[in-house]
Amino acid sequence: MVIDNPGIREIAFWEVDKGIEAAFPEIEKLALGCRFTNCSHTQEPGCRVLGAVDEGEISRDRLENYRKMKRELEYLSHRQHKSADRVEKERWKGVALKVKAMKKRR
Ligand SMILES: [Zn+2]
């Protein structure tokens with residue numbers, strides 16, 4: 001029951017995001033130099049991270065782990081958006097019912 005609380009999920013999501021930065025600081029730093037801000041570091045031209053892998057600064061395995069974590073994060077974020085939509089809908093439903101009740105009373 002507690003796990004289904006959207007507020008708690010938000011905190012967990014935030015911590016995962018911070019976790020990636022903490023676990024792969026050098027990749028996060030290199031990513032700032034990529035040509036595209038939404039670079040996925042897979043095949044984009046002008047990717048600083050791929051350049052660093054080519055030069056042996058970062059191992060391919062490490063980049064692969066980084067990508068896996070990012071994918072996980074995107075999945076979590078997607079799920080969170082979905083549940084937020086549902087919460088929002090429920091809230092509007094509640095408001096609509098209250099408005100209806102108020103109209104009746106008049
Ligand atoms: Zn990149």
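Trainee: How many helices and strands does the protein chain have?
Mentor: In this predicted model, the protein chain has 4 helices and 0 strands. Read from the N terminus, its elements run α-α-α-α.

Trainee: And what share of the residues is buried?
Mentor: Of the 106 residues in the protein chain, 20% are buried.

Trainee: What about the surface, how much of that belongs to carbon and sulfur atoms?
Mentor: Carbon and sulfur atoms account for 56% of an accessible surface of about 8700 Å².

Trainee: Let's move to the metal. Which residues coordinate the zinc ion?
Mentor: Three cysteines and a histidine: Cys34, Cys39 and Cys47 each bind through SG, and His41 binds through ND1. The distances are 2.0 to 2.3 Å.

Trainee: What spacing do those donors follow along the chain?
Mentor: The pattern is C-x4-C-x1-H-x5-C.

Trainee: Which geometry does the site have, then, tetrahedral or irregular?
Mentor: Tetrahedral, with angles of 104 to 112° among the 4 donor atoms. For reference, the ideal angle for four tetrahedral donors is 109.5 degrees.

Trainee: Back to the cysteines. Is Cys39 buried or exposed?
Mentor: Cys39 has a relative accessible area of 11%, and the cut-off for buried is under 20%, so Cys39 counts as buried.

Trainee: And Cys47, buried or exposed?
Mentor: Cys47 is buried too, at 10% relative accessible area.

Trainee: One last thing, on contacts between residues at least 6 apart in sequence: what percentage join residues at least 24 apart?
Mentor: Within the protein chain, that figure is 49%.

Terms used:
Residues numbered from 1 in each chain as written. Predicted model: local features only at pLDDT ≥ 70, side-chain atom pairs only at ≥ 80, totals over all residues. Heavy atoms only, no water. Donors = N, O, S within 2.8 Å, 3.2 Å for Na, K, Ca; no water. Tetrahedral: all angles 85-135°; square planar, octahedral: opposite > 155°, others 65-115°. Buried < 20%, exposed > 50% of the residue type's maximum accessible area, 1.4 Å probe, protein only. Helix = DSSP H or I, 4+ residues; strand = E, 2+ residues; numbered from the N terminus. Contact = heavy atoms within 4.5 Å. Areas by Shrake-Rupley, 256 points an atom, 1.4 Å probe, with all protein chains shown as cover.
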